[in-house]
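User: I would like to learn how to read a few local and global features from a set of coordinates. Could you take me through them, giving the general idea and then the case at hand?

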Amino acid sequence: MSIQRRTLLAASLASALPAHAAAKAPLLAGGDISALTWMEHAGAVYKDRDGKPGDCLEILKRYGHNIVRIRMYDRTGPGTGNDGWYWPEGSMDLADVLRLARRAKAQGMQIQFTLHYSDFWTNSKTQTPPTAWRKALDQLDDDTARFERLLALVEARSRLVVKALVDQGTPPEFVSLGNEIEHGLLYPWGSTANWQRLGALLKAGHAGVKAAHPGAKIVLHLDDGGNEAKYIDWFDHAREQGVKWDVIGPSYYPFWTQKNVGQLMSFCDTVSARYDSDILVMEAGFNFAPNRADGWPGQLENNGPYPASMSTPEGQRDFMAELLAACQAHPRVLGVLYWDPIFIANRKVGWALKEGSGEPGPNVVSNTTLFDFKGRALPVLDIWKQYTQ
């Protein structure tokens, strides 16, 4: 479908909505910038559409980005990761998060802030508590005492970190408790195998955030956007436990979900109505090339139901035009966060660093960013502003 046809479709959808829906706030659309400090220290150079180098955030703002996602880990550096991999020291910890937040607010952007409650990646497979937390818990004699201590750690850390953001004048508009928590968080205590405990941990995080920043909107973030059965099961359990949230945050990748934008919007209809909840698409990604910069397939092996011929800069642009237009037209979808717009090809940077050698692993998303292999802004940024203003 051409951009013109998609734009006309979005306009027709908007005109069919109730008056209050048509008057909703401008769409929030941006992406994750958590690795920007690491990228810049490695010498990454970002260029606009004309090839002129500049500040990455200023370039994104100029093309219409109005929100960033910033993730935080408890402590980074050697010895803090999983399976022999770790994040570089000084990246995505509290000090770095505060710097990135200041830079984002200086550009007038909103912030979606993600508390990982870990020292390294968390997702459905791994939700490892921070190293310092595990040491504190190991000193206690029984599991009940350890869980009570964990609740206190979650509440205190959530409150302290969000307060630090507020105190420096960069309060986050959105805060997510964990990352892709469809199977829970802080394993083994917070697994969905024990919803009573998972619910208690989520309520502790909620209380900590709201104590520091009552206006922050709490996001609960799961993978597999479009899977109605998964979300209904999860959020029904959360509701039964008295867990509160403001926004439901699905990840949506055509490759992982095998769903197109229309199917995602149908899912948004169902989920937003069932829980009377707004939706923020926490992650979305699409290939601009079939392979990453080193010639190997990337994390997204293909673009799901979209044809292989769309794995081009123009195809990425057309997909995002479709997604942004549909989200703009939906009365309960607040916005979209792209993954990972700024994690461009750089020989010093990979998905993580190898324990012992410090060598980077492969950059598995270098063919899905919003800048090409040489750091130049891709055509997708040409269409961004029309959906965010």
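User: In which part of the chain is L186 found?

Analyst: L186 sits in the loop between β7 and α8, where helices (H or I, at least four residues) and strands (E, at least two) are DSSP runs numbered from the N terminus. The model is a predicted one, in which local features need pLDDT of at least 70 and side-chain atom pairs count only at pLDDT 80 or more, while totals for chains, interfaces and linings use all residues. Residues are numbered from 1 along each chain as its sequence is written, and side-chain values use heavy atoms, with hydrogens and water left out.

User: What should I look for in the backbone of that loop?

Analyst: Most residues other than glycine have a negative phi, and most peptide bonds are trans. Against that background, L186 has a positive phi near 50°, and E180, which is likewise in the loop between β7 and α8, has a positive phi of about 45° although it is not a glycine. The loop between β7 (174-177) and α8 also holds P188, and the peptide bond joining Y187 and P188 is cis, with omega about 5°.

User: Where else is a cis peptide bond found, and what is its omega?

Analyst: The bond from W339 to D340 is cis, with omega near -20°. D340 is placed in the loop between β12 (333-338) and β13 (353-354).

User: Back in the first loop, are L186, E180 and P188 buried or exposed?

Analyst: The general idea is a cut-off on relative accessible area: buried means under 20%, exposed over 50%, and partly exposed in between, with a 1.4 Å probe and protein chains only. L186 counts as buried because its relative accessibility is 1%, and E180 is buried as well, at 13%. P188, in contrast, is exposed, with a relative accessible area of 63%. The C-alpha atoms of P188 and L198, which are ten residues apart along the chain, are separated by 10.0 Å.

User: How should I read the packing of a helix residue, taking L201 in helix α8 as the example?

Analyst: One lists its contacts, a contact being heavy atoms within 4.5 Å. Leaving aside neighbours within four places in sequence, L201 is in contact with F147, L150, L151, V154, L185, L186, W189 and G190, so L186, the loop residue with a positive phi, is among the partners of L201. The relative accessible area of L201 is 3%, which is why this residue is classed as buried. The C-alpha atoms of L201 and K217, 16 residues apart along the chain, are separated by 17 Å.

User: Which residues does H206 touch?

Analyst: H206 is found in the helix α8, which covers residues 195-212, and beyond its neighbours within four places in sequence H206 is in contact with L177, I218 and K244. At 16% relative accessibility, H206 counts as buried.

User: And what of a loop residue elsewhere, such as N82?

Analyst: N82 is in the loop between β4 (67-72) and β5 (85-86). Its relative accessible area is 16%, so N82 is buried, and apart from neighbours within four places in sequence, N82 is in contact with F120, W121, T126 and T128.

User: How many disulfides are there?

Analyst: A disulfide is a covalent bond between the sulfur atoms of two cysteines. Taking a disulfide as a pair of cysteine sulfur atoms within 2.5 Å, the count comes to zero. C268 is in no disulfide, since the nearest cysteine sulfur, that of C327, is 6.5 Å away. C268 is buried at 0% relative accessibility, and C56 is buried too, at 1%.

User: How do I read the chain as a whole?

Analyst: The chain has 13 helices and 13 strands. Its radius of gyration, taken over C-alpha atoms, is 20 Å, close to the 21 Å given for 389 residues by the globule rule (2.2 Å times the number of residues to the power 0.38), so the chain is as compact as a globular protein of that length. Along its principal axes the C-alpha trace spans about 65 × 50 × 40 Å, and buried residues make up 55% of the 389 residues. Among contacts between residues at least 6 apart in sequence, 78% join residues at least 24 apart.
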